[in-house]
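Student: I have a structure to go through, and I want the reasoning behind each label. Can we take it step by step?

Tutor: Yes. Put it up and ask away.

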Amino acid sequence: MVEEKKVIFSGIQPSGSLTLGNYLGAVKNWVALQHECTCYYCVVDLHAITVRQDATELRKRTLDVMSVLIAAGIDPEQSVLYMQSHVPQHTELAWILDCYTYLGELSRMTQFKDKSQKAGENINSGLFTYPVLMAADILLYQADMVPVGVDQKQHLELTRDIAIRFNNLYGDVFTVPDPYIGKAGAKIMSLQEPEKKMSKSDENENSYIALLDGPDVIRRKVKRAVTDSDGEIRFAEDKPGVSNLLSIYSSICGISVEEGEKEFSGQGYGVLKERVAEAVVDVLEPLQKKYHEIRKDKAYLTEVMQKNSQKAAYVAQKTLAKVQRKVGLAPTKL
C-alpha cells in the first residue's frame with residue numbers, strides 16, 4: 001500500500017527584497033520538502049496590502065519573488081506555486097473563519113501589537129484580522145504541516161484553535177496542522193543588530209543580504225557585520241554576531257555549527273568574514289543567473305501563474321464547498 005504524502009503549505013510576502021535569511025530559513029526547506037510532500041507555496045500578496053504599497057512596485061515585487069523561488073529550486077511542475085490573490089477561495093474562507101474567531105484571540109497576537117506601533121494612522125482591520133486570512137490559507141489545502149519561523153508560531157496556534165473549534169461544531173472538516181521547523185538555518189539574524197532576525201523590511205541595508213545582491217555588495221556587507229572584541233570564533237549566546245556568521249556558514253556548507261567552529265579554530269574574524277562572504281557569493285551567483293533568465297520570460301511566468309492558480313483553486317474549492325455546506329450557505333444548484 002502506497003503511503004499518502006503529507007501536505008505542506010507555506011507563504012511568503014512580496015514586501016521588500018527576499019534575503020539570505022528567507023532563503024536559509026524557509027526557501028531551502030521548501031525545496032527539500034517538495035521531493036517528499038505535496039507542497040502548496042504561495043506568494044501572499046493580499047497579506048502585503050495590510051501595509052500601504054505602491055501598486056506598480058508591488059506588482060513588480062510579486063513577480064520578482066515568484067521568479068526567485070523558481071530560481072532557488074522550487075519546481076512549479078512538482079509544487080503548486082501560485083499567487084494568493086489569484087485564488088479567491090482564500091478570502092471567501094477567511095470571512096467565514098472570521099465568524100469563528102474571537103476578538104480576544106486576535107487581540108493577543110503579538111505581531112499585531114508590534115506592527116501597529118509602526119503603522120502610524122494606518123492601523124487597519126486587515127492588520128488585525130491578518131491571522132484569520134493566514135488560517136484560511138493553510139486550512140484550504142488540508143495542510144498537515146506548515147514550515148514556520150518562531151515569529152509565526154502564535155499564528156499557527158490560532159489556526160489550530162480555529163480548526164479544532166470548527167471541527168467540534170461540524171465534524172471532521174479541517175486537518176489540524178502541525179508546525180514544521182527546519183533545524184539548520186532556522187533563524188538568521190541581522191548583520192548589524194544580531195539580536196534581531198534578518199528582515200527584508202529593515203531600513204538599514206547593511207543589516208541583510210538580499211538574494212539579488214551582487215558579489216561586491218555581499219562582501220562589503222559581511223565585512224561590516226557586527227562581531228565583538230574578544231577575537232574568539234565560537235557559537236555562544238554572549239557572541240550573537242559571531243554566532244550568526246557561523247550559522248550562515250554552516251547552513252550554506254551543509255555542516256554543523258560545531259564543525260564550523262573547528263574549521264575556524266585559532267583564526268581571526270577577518271578570515272571568518274571572508275569565507276562566509278565567499279560561501280554566500282558561491283551559492284547566490286547561480287541562483288541570480290537563473291532568476292534573470294526567468295524574470296525576462298513573461299510567457300513562462302504567465303503560464304506558471306495560470307496553471308498553478310487553477311490547481312490550487314481546484315483543491316481549495318473542495319474545502320470551501322464543504323465549509324459552506326456545513327455553515328448553511330445556499331448551494332448554487334438546487
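**Reasoning from the values**

Tutor: In the protein chain, 74% of the contacts with a separation of 6 or more join residues 24 or more positions apart. Keep in mind that this is a predicted model.

Student: How do you know whether the radius of gyration agrees with a compact globule?

Tutor: Set the value against the rule. The rule is 2.2 Å times the number of residues to the power 0.38. For 334 residues that gives near 20 Å, and the protein chain has 21 Å, so the two agree. The C-alpha trace spans about 75 × 50 × 45 Å along its principal axes. Of the 334 residues, 49% count as buried.

Student: How many helices and strands does the protein chain have?

Tutor: It has 13 helices and five strands.

Student: What makes the span of helix α12 agree with its number of residues?

Tutor: Helix α12 covers residues 269–296, which is 28 residues. The expected span is 1.5 Å times one less than the number of residues. That gives 40 Å, and the end C-alpha atoms are 40 Å apart, so the span agrees.

Student: Where in α12 does the kink lie?

Tutor: At L284, shortly before the proline P286. The kink is about 30°.

Student: Why is S309 called buried?

Tutor: Buried means under 20% relative accessible area. S309 has 10%, so S309 is buried. S309 lies in helix α13, residues 298–327. Its side chain reaches the backbone oxygen of M305 at 2.9 Å.

Student: Which residues are in contact with S309, leaving aside its neighbours within four places in sequence?

Tutor: Y82, H86 and V87. Y82 belongs to strand β3, residues 80–83. V80 and Y82 point one way from β3, L81 and M83 the other way, and all are buried.

Student: What makes β2 and β3 a pair?

Tutor: Two strands pair if there are at least two bridges between them. Four bridges join β2, residues 38–43, to β3, and the strands run parallel. The cut-off is at least two, so β2 and β3 pair. In one of these bridges, Y41 has L81 of β3 as its partner.

Student: A236 sits in the loop between α9 and α10. Why is A236 called buried or exposed?

Tutor: Use the cut-off of under 20% again. A236 has a relative accessible area of 16%, so A236 is buried. A236 and F128 are 108 residues apart in sequence and 37 Å apart in space, C-alpha to C-alpha.

Notes. Residues numbered from 1 in each chain as written. Predicted model: local features only at pLDDT ≥ 70, side-chain atom pairs only at ≥ 80, totals over all residues. Heavy atoms only, no water. Bend = angle between axes of the 7 residues up to and from the residue. Buried < 20%, exposed > 50% of the residue type's maximum accessible area, 1.4 Å probe, protein only. Contact = heavy atoms within 4.5 Å. Polar contact = N/O pair within 3.5 Å; in protein donor to acceptor, adjacent residues only side chain to side chain.
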